[in-house]
Amino acid sequence: MISTADLRALYTKTLVDVYRERTVPTEFLQNLFPTVVVPTKTTSIEVERFGERVAVDVVRGTEGNRNTFSRSTEKIFEPPFFREYFDMTELDLYDRVIGSQGNANKPLFLSLVNEGAERLGKLVDKIRRAKEVQCSQVLETGIVTMTQGATATINYNRKAASIVNEGAGQYFTDAIDPFSKFEAGCNFLRKVGRSADGVFNAILGADALSALLANTKFTTRQNLFNMALDAVQGPVRNGAGATFHGIITAGSYKVQLWAYPQFYDLNTGTDAAPVWVSTPYWNPKKVVMLPIQPRFKMVHCAVPMLIGQPGQLPQQGEYVMQEFLDTRRAKHVLDVQSAPVPIPVAVDTIYTFQAIA
């Protein structure tokens, strides 16, 4: 029976539009880490170093110079595990579909399916943002932090010389030559990282970029000679969310300057009382320098599964989606799982320096 309040609503209000906020995650940093999917719980890489040794001529008829190679080192990583879900039975449409005898009312049933897909997509977006944060941590400190799991961190053991903070008097806000700071990064990537590039990418935090553009020696030199995006090299050209600020010369090298003014919401409270704070993906005060084609991987390992029917294959992929029906509690749950880990295979091809105090 329709109540008086329901009848009044039919005559006094009209729904003219619906706004559902869904901000698509940017994946500028993930663009540097090509995706790999493996069917195992852990993943590994092998590292063998040989340097850039040069051959020395010998006398004809002799045995020549004997070469020895060091043993390769295997590094095993267990990625963090993400699992997000929601209850379909909490949707108003779910009750309406039940009242219309299931999928007998096809338009209503399709609306429920679309609603479920939309919300499942938002859960995937959450994991995509977590992956972007992981990439940022690799590029800033070389350490991926986790809140759960056997270990609290994954430490890629970046060299101390690749994470630089020269201290007071050596920042972009001081009367220094900022081009020398970029040249030092290029030299590290070339000599220590063994990168054969002559052009490198530099991603600057918002404060670092502002300080650079205000630096007297930088503005005096006016080294920005090419502002065309079509001249940019490397995979970051297609990175969503980033802005290109030109190319500078640093010593014998060229450096492509980028900013990444994108944010995510970080819960600084508790699950019961969340406090969401808008947080930049990249540290506003730091600069990271990379080769044009860095040798990184975003590996997705297997998620937990049970042995099913004979011949049933385990699911693999970046995101594994599942559906559960709990008849006892009348719950219809959709969830998505993922076990990603960014791996800087050539870890010495990352150079990070503090540009602002």
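This passage walks through the charged pairs, the cysteines, one short helix and one buried alanine of a predicted model.

Salt bridges make a handy starting point, and the structure holds 12 of them. One sits within helix α3, which spans residues 106–140. Here glutamate 115 pairs up with arginine 119, with 3.1 Å between the closest N and O atoms. The two residues are 4 places apart in that helix, so about one helical turn separates them. Their surroundings are worth a look too: glutamate 115 is buried, at a relative accessible area of 10%, while arginine 119 comes out as partly exposed, at 37%.

Helix α3 also supplies a partner for a bridge that reaches across the sequence. Lysine 286 and glutamate 140 meet through their side chains, at 3.2 Å from N to O. This pair ties together distant parts of the chain, since lysine 286 belongs to strand β13 (residues 286–291) and glutamate 140 to helix α3, with their positions 146 residues apart. Both ends are tucked away: lysine 286 has a relative accessible area of 15% and is buried, and glutamate 140, at 17%, counts as buried as well.

A further salt bridge joins aspartate 326 to arginine 329, whose side chains come to 2.8 Å, N to O. Aspartate 326 is partly exposed, with 27% relative accessibility, and arginine 329 is exposed, at 59%. Elsewhere, shared partners turn separate bridges into a network, and Glu27, Asp125 and Arg128 are joined in this way.

Turning to the cysteines, a search of the whole structure came back with 0 disulfides. Cysteine 186 is buried, and its relative accessible area is 0%. Cysteine 301 is buried too, at 3% relative accessibility.

Next comes helix α5, covering residues 206–214, where the buried residues are Ala208, Leu209, Ala211 and Leu212. These residues take up an arc of only 165 degrees around the axis, and they therefore lie on the same side of α5. On the face turned away from that buried side are the exposed residues Ala206 and Ala214. What do the buried residues of α5 pack against? Their neighbours include two helices, α4 (178–191) and α6 (216–221). Strands take part as well, namely β8 (199–204), β9 (243–250), β10 (253–259) and β13. Strand β13 is thus a familiar name, as lysine 286 of the bridge to glutamate 140 lies in it.

The last stop is alanine 355, found in the segment after β18 (351–354). Is alanine 355 buried or exposed? At 1% relative accessibility, alanine 355 counts as buried. Setting aside neighbours within four places in sequence, alanine 355 touches Tyr171, Phe172, Ala208, Lys285, Lys286 and Val287. Some of these contacts link back to earlier parts of the picture: Ala208 is one of the buried residues of α5, and Lys286 is the residue that forms a salt bridge with glutamate 140. Glutamate 166 offers another reference point for alanine 355, as the C-alpha atoms of the two are separated by 9.1 Å while the residues stand 189 apart along the chain.

Definitions and conventions
Residues numbered from 1 in each chain as written. Predicted model: local features only at pLDDT ≥ 70, side-chain atom pairs only at ≥ 80, totals over all residues. Heavy atoms only, no water. Disulfide = S-S within 2.5 Å. Buried < 20%, exposed > 50% of the residue type's maximum accessible area, 1.4 Å probe, protein only. Salt bridge = Lys/Arg side-chain N within 4 Å of Asp/Glu carboxyl O. Arc of directions from axis to C-beta. Contact = heavy atoms within 4.5 Å.
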